Amino acid sequence: MSEIKMRRRSRQIPITLTTSTANATTLFLEDFAGGVVEIGTLSPNATTLQMWGASAEGGTFRRLYNTDGSVADVTLAPSTSVGTMYALPDAVFGVPFLEVLVGNTAGTGVTATVTLKS
């Protein structure tokens with residue numbers, strides 16, 4: 001009997017970090033269940049990535065929180081000059097639309113890549 005082969009799909013999306021949902025790239029998460037954000041050189045003064053979700057395309061983006069009431073942020077490593085990858089929090093996969101913001105202006109304008117997997 002032949003072995004069933006399952007393939008994981010992935011998609012890479014370039015984004016530019018910003019502190020504003022009005023300027024952020026909207027990610028459509030419907031077909032995906034995990035992912036990472038890859039960032040090259042980033043100021044050590046940038047401390048968090050914030051997750052903002054919306055339930056409809058063009059809807060209002062709101063800050064995402066975990067079930068315990070804590071923000072679903074990603075805390076950045078103290079020194080990100082060599083480039084890093086961060087797993088997206090589980091909470092983001094409960095919304096169909098996501099925007100990743102940087103917590104302060106120290107990271108504004110930095111390009112990153114979001115890789116989503118099914």
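What share of the 118 residues in the protein is buried? In this predicted model, buried residues make up 38% of them. Let's walk through the fold and see where some of them sit.

Start with the backbone. You won't find a helix here: the secondary structure comes to zero helices and nine strands, so to speak a plain β-β-β-β-β-β-β-β-β when you read along the sequence. Much of the contact pattern links distant parts of the chain: of the contacts with a separation of 6 or more, 78% are between residues 24 or more positions apart. As for overall size, the C-alpha trace spans about 55 × 35 × 30 Å along its principal axes. The radius of gyration is 15 Å, which agrees with the value near 13 Å for a compact globule of 118 residues.

Now look inside. The largest nonpolar core has 27 residues, and L17, I39, L49, M51 and L98 touch the most other members. Strands β1, β3, β4, β8 and β9 each give two or more residues to this core. Take L49 as an example: beyond its neighbours in sequence up to four places away, it touches L17, V37, I39, D73, V74, L76, V100, L101 and V102. There's also a second, separate core of six residues, with A24, A54, F61 and F97 among them.

Next, hop over to T115 in strand β9. Why does T115 count as buried? Its relative accessible area is 17%, and the cut-off for buried is under 20%. Leaving aside neighbours within four places in sequence, T115 is in contact with S10, R11, Q12, G34, G35 and V36.

Finally, the outside: the protein exposes about 7,000 Å², and carbon and sulfur atoms supply 50% of that.

Conventions
Residues are numbered from 1 along each chain as its sequence is written. This is a predicted model: local features need pLDDT of at least 70, side-chain atom pairs count only at pLDDT 80 or more; totals for chains, interfaces and linings use all residues. Side-chain values use heavy atoms; hydrogens and water are left out. A nonpolar core is a set of buried Ala, Val, Leu, Ile, Met, Phe, Trp, Tyr and Cys residues joined through side-chain atoms within 4.5 Å. Buried means under 20% relative accessible area, exposed over 50%, partly exposed in between (1.4 Å probe, protein chains only). Helices (H or I, at least four residues) and strands (E, at least two) are DSSP runs, numbered from the N terminus. Contact means heavy atoms within 4.5 Å. The radius of gyration is taken over C-alpha atoms; the globule rule is 2.2 Å times the number of residues to the power 0.38. Accessible areas come from the Shrake-Rupley method with a 1.4 Å probe; for residues, only the protein chains shown count as cover.
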